[in-house]
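Student: I would like to understand how the labels used for this model are earned. Could you show me the structure and take my questions one by one?

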Amino acid sequence: MPSPQEDPRREADGRRIFTERDLGRYFGAVDPRVLARDRRRRHRRHAIALVLVALVVAGTAFTALQVLRGEWAIPGWEAAPPPEPVLCPAGDVAYSKESTVTVYNGTTIGGLAGDVANALEARDFVIGGVGNKGFTTANMVAVIVSGAGGRETSLAVQRNIEGSVYLPDEREEDTVHVIMGTQYQGLVPEESVSTEAGPLDCQRLETEAPTAALG
């Protein structure tokens with residue numbers, strides 16, 4: 001049974017009252033060597049944690065650098081394959097006006113699409129409508145776009161709009177889209193238009209990037 005000097009004072013309700021002397025006696029009983037040992041352990045844990053974080057950061061940076069250099073390949077991190085090149089149709093196609101043509105104004109020139117559509121309609125082209133479409137490629141006359149089914153009418157449009165460029169796409173229908181540019185000066189005189197079969201002209205697809213007209 002502890003003596004009154006060793007045990008804190010008790011209240012009537014059983015609570016213990018710790019005085020300053022009591023606290024000093026309890027905390028002073030802790031061995032300083034134990035405190036020093038605990039501090040060393042905490043320092044070691046902190047040092048180990050910092051080393052692990054540094055190793056993770058260094059490893060991540062090294063891995064990212066190797067991937068960017070192409071030295072390592074991580075599943076799911078592969079770069080997207082480059083788009084398939086746009087290929088100009090090979091061989092000659094016939095001259096035809098059977099497919100429906102829609103004319104778009106790719107400029108800020110008011111009424112350009114309507115004027116071209118009226119001029120083509122006067123030459124027996126089937127006009128499906130007019131509209132506006134983004135055209136950011138500079139120094140172009142027009143871009144003619146169609147799938148395989150519209151190539152013959154695309155040739156006819158190209159023969160009537162000198163300097164226009166043909167751009168094939170993957171559409172299944174035989175419709176033809178004509179996007180007018182700022183360099184358009186008018187249709188070729190009708191008597192000068194050749195109706196013989198021939199190749200489509202898309203020689204400037206790479207140098208002038210008319211795909212920007214489709215934005």
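**From values to labels**

Student: Why does Arg171 count as buried?

Tutor: Arg171 has 16% relative accessibility. Buried means under 20% relative accessible area, exposed means over 50%, and partly exposed lies in between (1.4 Å probe, protein chains only). Since 16% is under 20%, Arg171 is called buried. Before we go on: this is a predicted model, where local features need pLDDT of at least 70 and side-chain atom pairs count only at pLDDT 80 or more, while totals for chains, interfaces and linings use all residues. Residues are numbered from 1 along each chain as its sequence is written, and side-chain values use heavy atoms, with hydrogens and water left out.

Student: What does Arg171 touch, not counting residues up to four places away in sequence?

Tutor: Val145, Ser146, Gly147, Ala148, Val176 and His177. A contact here means heavy atoms within 4.5 Å. Arg171 itself is placed in the loop between strand 6 and strand 7.

Student: Which side chains does a polar contact join to Arg171?

Tutor: Asp169, at 2.8 Å, and Thr175, at 3.1 Å. A polar contact is a pair of N or O atoms within 3.5 Å; within protein, one must be able to donate a hydrogen and the other to accept it, and residues adjacent in sequence count only if both atoms are side-chain atoms. Both distances, 2.8 Å and 3.1 Å, therefore fall within the 3.5 Å limit.

Student: Why does Asp124 count as exposed, and why does Gly111 count as partly exposed?

Tutor: Asp124 has 60% relative accessibility, which is over the 50% limit, so it is exposed. Gly111, at 45%, lies between the two limits, so it is partly exposed. Asp124 is in the loop between helix 3 and strand 4 (126–132), and it has a positive phi of about 75 degrees although it is not a glycine. Gly111 belongs to the loop between strand 3 and helix 3.

Student: What makes strand 7 largely enclosed by the rest of the structure?

Tutor: 5 of the 5 residues of strand 7 are buried, so the strand is largely enclosed. Its two faces are both covered: Val176, Val178 and Met180 are buried on one side, and His177 and Ile179 on the other. In a regular strand, side chains alternate between the two faces of the sheet. Strands (E, at least two residues) and helices (H or I, at least four) are DSSP runs, numbered from the N terminus.

Student: How many bridges join strand 7 to strand 3 and to strand 5?

Tutor: Strand 7 has 5 bridges to strand 3, running parallel, and 5 to strand 5, running antiparallel. Two strands pair if DSSP finds at least two bridges between them, so both cases qualify. For instance, Val101 stands opposite Val176, and Val145 has His177 as its bridge partner.

Student: In what order do the strands form the open sheet, and why is one side of strand 4 and strand 6 left without a neighbour?

Tutor: The order is 4-3-7-5-6, with mixed pairing. Strand 4 and strand 6 stand at the edges with a single partner strand each, so one side of each has no neighbour in the sheet. Strand 4 pairs with strand 3 in the parallel sense over 6 bridges, including the one between Asn105 and Asn132.

Student: What makes helix 4 mostly covered?

Tutor: Of the 10 residues of helix 4 (151–160), 7 are buried: Thr153, Ser154, Leu155, Ala156, Val157, Gln158 and Asn160. These buried residues pack against strand 3 (100–105), helix 3 (112–121), strand 5 (142–146), strand 6 (165–168) and strand 7 (176–180).

Student: Where in the protein chain is confidence lowest, and where is it highest?

Tutor: pLDDT is the predictor's confidence in each residue, from 0 to 100. Its mean is lowest in helix 5 (residues 205–208), at 47, and highest in helix 4, at 97. Over residues 206–213 pLDDT is below 50, although this stretch has 23 contacts in the model beyond near neighbours in sequence. Where pLDDT is low, the predicted coordinates should not be read in detail. For the protein chain the mean is 81, and 69% of residues reach 70 or more.
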